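Reader: Hi! I've just opened this one and could use a friendly tour. Mind if I ask a few quick things?

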Amino acid sequence: VENKVDICAHNAEFEYAIWHNVLVERYDWPAVPIRRWRCTAARAATVGYPRSLAGAAEMAELQQQKDKRGAELMRIFSLPRKPTKKNPLVRIYPRDDPESFEEYVEYCVQDVVVERALHRYLPDLHPFEWENFWLNMHINAVGLPLDVELLHAAKKVVSGIEKDYAAR
């Protein structure tokens, strides 16, 4: 990261959030500035492709495609579950289902293969579009200051105008 390498990911905003809120905060990894992030989902959207990795890869007719079982594996290992009488676990860990976990690892590796192929295939964003992308990431990361009192007052004004128009 210190040598200013860009990080490319599909849905980079999510990866950025994980990187900074988990890896940096909990494990003291180096922070990666927003301008170092590149996103194949954003690039796909600018050419009219779906933002999903599967949809973009299919639309691009890439030789590399997502593993269809991946969504099921993601739910198994990444989401809490309701316990049942037969299986009281609220989470499934790798040790609970090593065979499926191995498939999950292979699914993640295949995703990276597809992301790389899509990265090579798609045109880059215009510098102006990258500026918009990074601004959006920044706003999502730090929030946007709002005058809440002014917003409530504006809502009352709009509500009054709506009632006036409805009466007419």
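Reader: Let's start with the helices: is the crossing where H1 passes H6 right-handed or left-handed?

Author: Happy to help! Keep in mind that this is a predicted model. H1 passes H6 in a right-handed crossing.

Reader: And at what angle do the axes of H1 and H6 cross?

Author: Roughly 40°. The axis of H1, residues 12-27, comes within 11 Å of the axis of H6, residues 127-142. Angles from 65 to 115 degrees would count as roughly perpendicular and those under 35 as roughly parallel, so H1 and H6 are oblique to each other.

Reader: Which residues make the contact?

Author: From H1 there are Ala12, Glu13 and Tyr16. H6 brings Phe133, Asn136, Met137 and Ala141. By type, the contact of H1 with H6 has five nonpolar residues, one polar and one charged.

Reader: Cool. Changing topic, how much space lies in the largest pocket?

Author: The largest pocket holds about 780 Å³ of space. Its lining has 22 residues, and the closest to the pocket's centre are Ala9, His10, Glu15, Val112 and Glu115.

Reader: Which elements give two or more residues to that lining?

Author: Strand E1 (7-9), H1 and helix H5 (98-121). So H1 turns up here too, as well as in the contact with H6.

Reader: Which one gives the most?

Author: That's H5, with eight residues in the lining of the largest pocket.

Reader: And how do the lining residues divide by type?

Author: The lining of the largest pocket has 13 nonpolar, three polar and six charged residues.

Terms used
Residues are numbered from 1 along each chain as its sequence is written. This is a predicted model: local features need pLDDT of at least 70, side-chain atom pairs count only at pLDDT 80 or more; totals for chains, interfaces and linings use all residues. Side-chain values use heavy atoms; hydrogens and water are left out. Axes are lines fitted to C-alpha atoms, for helices over the stretch in contact, and angles run from 0 to 180 degrees between N-to-C directions. Helices (H or I, at least four residues) and strands (E, at least two) are DSSP runs, numbered from the N terminus. Angles under 35 degrees count as roughly parallel, over 145 as roughly antiparallel, 65 to 115 as roughly perpendicular and the rest as oblique. A crossing is left-handed if the near helix is turned anticlockwise from the far one by less than a right angle, and right-handed if clockwise. Contact means heavy atoms within 4.5 Å. Ala, Val, Leu, Ile, Met, Phe, Trp, Tyr, Cys and Pro count as nonpolar, Asp, Glu, Lys and Arg as charged, and the others, Gly among them, as polar. On a 1 Å grid over the protein atoms alone, a cavity is a set of points where a 1.4 Å probe fits but cannot get out, and a pocket is an open set with protein on both sides within 12 Å along at least five of seven lines; lining residues have an atom within 4 Å of a point. Grid points are joined across faces, edges and corners, and a volume is the space filled by probe spheres set on the points.
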